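Dear colleague,

Please find below the structure I wished to pass on to you. I should be grateful if you would read the notes that accompany it.

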Amino acid sequence: MGELSAQQKRVVTLASRACEQEVRIVEALLDMTRIGSGMPVQRAAGVEVGRVVEAAVEAEKSEATARNVTISVKRPDATPTMTADAALLERAVANLVRNAVSVSPKDGVVEVDVTMREGERDAQRVIRVEVCDDGPGLDPDLAKKVFEPFNAAAVKAAGRPAGIGLGLSLVREVARAHGGDVTVRREDDRTIFRFEISTSETKEQKA
């Protein structure tokens, strides 16, 4: 079609981002409906969470670059494999990273930290993914509601444009469907979302 002008390139970029956002909304609605209706998640054996996190971060790097935000990932060389829905886990982590990038200041850093700890049952391990940003943070009252579905008011009050309020709600449902949960706290002027899932498998896979 020929070379685009600077203005045309900007229009195409905006249109592309709008389409991507619409796709994410549809995916979130479908995922929430599937999990909320009690349908089992589509589990597969041998899912290595460290690789899932890397894929989620990679998907958000272009937006981070556009906003002059750096994403830093720290994870063990090996994490246990588990039976899980890899696509849902990736979307959940990507949501957390995307939110962190969107509230970060220019030249800010979003830290993604993957760790493990022993669970309460034999052979159980809890895999923890913490996503930290140095954005303005949430009011304590809003923090209590941020995981509720369609609660766009809390997002808007956090200092960025509101969506439809499904991203963080989906994160919570995905965590709970995998035997875990998600929490948020403010520490040392940073906002930290902690996403945890559990596995009873002991096999480890090197990255």
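The notes below go from the whole chain to the sheet, and then to one helix and one residue in it.

The model is a predicted one. Its protein chain has six helices and eight strands, which follow one another from the N terminus in the order α-β-α-β-β-α-β-β-α-α-α-β-β-β. Of the 207 residues, 41% are buried. Among contacts with a separation of 6 or more, 70% link residues 24 or more positions apart. The accessible surface is about 11500 Å², and carbon and sulfur atoms contribute 50% of it.

Five strands form an open sheet with mixed pairing, in the order β2-β4-β5-β7-β6. The edges are taken by β2 (70-74) and β6 (181-187); each has a single partner strand, so one side of each lacks a neighbour in the sheet. From one strand to the next, the twist averages 20°. At the β6 edge, seven bridges connect β6 with β7 (residues 190-199), and the two strands run antiparallel. Asp181 lies opposite Glu196 of β7.

Two helices that pack on this sheet deserve mention. Helix α2 (residues 49-66) touches β2, β4 (109-118), β5 (125-133) and β7, and its direction makes about 170° with that of β2. Helix α3 (residues 86-103) also packs on the sheet, in contact with β2, β4, β5 and β7; its direction makes about 175° with that of β7.

Helix α3 can be described in further detail. What span should its 18 residues have at 1.5 Å a residue, and how far apart are its end C-alpha atoms? The expected span is 26 Å and the end C-alpha atoms are 26 Å apart, so the two agree. Of these 18 residues, 14 are buried, and α3 is therefore largely enclosed by the rest of the structure. At the start of the helix, a side-chain oxygen of Asp85 comes to within 3.3 Å of the backbone nitrogen of Ala87.

Asn95 belongs to helix α3. Is Asn95 buried or exposed? Its relative accessible area is 12%, and because buried means under 20%, Asn95 counts as buried. Leaving aside residues up to four places away in sequence, Asn95 touches Gly167, Leu170 and Val171.

Yours sincerely

Terms used. Residues numbered from 1 in each chain as written. Predicted model: local features only at pLDDT ≥ 70, side-chain atom pairs only at ≥ 80, totals over all residues. Heavy atoms only, no water. Pairing = 2+ DSSP bridges. Helix = DSSP H or I, 4+ residues; strand = E, 2+ residues; numbered from the N terminus. Axes fitted to C-alpha atoms, helices over the stretch in contact; angles between N-to-C directions. Contact = heavy atoms within 4.5 Å. Buried < 20%, exposed > 50% of the residue type's maximum accessible area, 1.4 Å probe, protein only. Areas by Shrake-Rupley, 256 points an atom, 1.4 Å probe, with all protein chains shown as cover. Expected span 1.5 Å × (residues − 1). Polar contact = N/O pair within 3.5 Å; in protein donor to acceptor, adjacent residues only side chain to side chain.
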